[in-house]
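Q: Please take a close look at the salt bridges of this structure, and explain how the residues that form them are placed. A connected account would be welcome.

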Amino acid sequence: IAIKNPRNGQRVYVKSYHAGLGVGGGTFVYDSTKATINDGVVTFNGWERIYKAPLTLDMAGAYSNLPQDSSDAINAATLYASTNNIPLIGESKTYSAVDVIMRSNLDFRDAFINCSVFDKDNISLIKTVRSTSFDTPTTNVYLENIHLDGLRHLHTNVGMAGDGGRSGFEILNVCDNITFVNCSANNCVTDGFGIFPNGISF
């Protein structure tokens, strides 16, 4: 929000997160105590989004129903949602991404995610944090109506993949209470659902 010298309590309406797309905008109010905070979702250098839960992926700048990669935006959304215990929804839209992190306390629903990176090992569409420590398990994740497409036909070295990752959902390391409801993973290079509970992913 390019306003010079904003005043506390100033309110603006933003039409769109990305110019011309008409999604992800909303009403923002300036708070000078948050001038150094930019989480990419709710607070933008003091400008705080006014909203009612749930969060949407569009609020984080994810490109809905477009081919642009939205990995960073979706991960910003999952981080904010899980940290603040706020449900996150994709509004049944389609996004392109890889390595979306299933974080503890994430409640994520209603999204279609297509693979956005091809012919690269050790990536998956959605995965837990890679850690072998029993002190930091991934816990209390709820995914509902999340549907993944690995777009296998766009990978040129499928025969070389072996166990090189490129799964749909990848459950790594120490986890507890991860729930999938009506989720699917299709056309993945390796596993649709890969589970590696002992910290050894491949």
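A: In this predicted model, D107 is a buried residue, because its relative accessible area of 18% falls under the 20% limit. The side chain of D107 meets that of R109 in a salt bridge, with 2.7 Å from N to O. R109 itself counts as partly exposed, since its relative accessibility is 29%. The pair therefore joins a buried acidic residue, D107, to a partly exposed partner, R109.

R109 also takes part in a salt bridge with E144, where the closest N and O atoms lie 3.4 Å apart. This second pair links distant parts of the chain: R109 belongs to strand β8, residues 107-114, whereas E144 belongs to strand β10, residues 138-149, and 35 residues separate the two. R109 thus has salt bridges to D107 and to E144. In general terms, side chains of opposite charge can pair when their charged atoms come close.

Another group of charged residues deserves the same attention. K93 forms a salt bridge with E91, and the closest N and O atoms of this pair are 3.5 Å apart. K93 is buried, because its relative accessible area is 17%, while E91 counts as partly exposed because its relative accessibility reaches 38%. In this pair, then, the lysine is the buried member and the glutamate is the partly exposed one. The pair does not stand alone, for D58, E91 and K93 are linked in a network of salt bridges. For the model, the count of salt bridges comes to seven, among them the pair of R109 and D107, the pair of E144 and R109, and the pair of K93 and E91.

A sheet may be described beside these charged pairs. Four strands form an open sheet in the order β7-β9-β11-β14, and their pairing is parallel. Strands β7 (100-102) and β14 (193-196) stand at the edges, each with a single partner strand, so one side of each is left without a neighbour in the sheet. From one strand to the next, the twist averages 20°. Within this sheet, strand β9, residues 126-128, pairs with strand β11, residues 169-172, in the parallel sense over two bridges. I126 stands opposite F169 of β11.

How values were computed: Residues numbered from 1 in each chain as written. Predicted model: local features only at pLDDT ≥ 70, side-chain atom pairs only at ≥ 80, totals over all residues. Heavy atoms only, no water. Pairing = 2+ DSSP bridges. Axes fitted to C-alpha atoms, helices over the stretch in contact; angles between N-to-C directions. Salt bridge = Lys/Arg side-chain N within 4 Å of Asp/Glu carboxyl O. Buried < 20%, exposed > 50% of the residue type's maximum accessible area, 1.4 Å probe, protein only.
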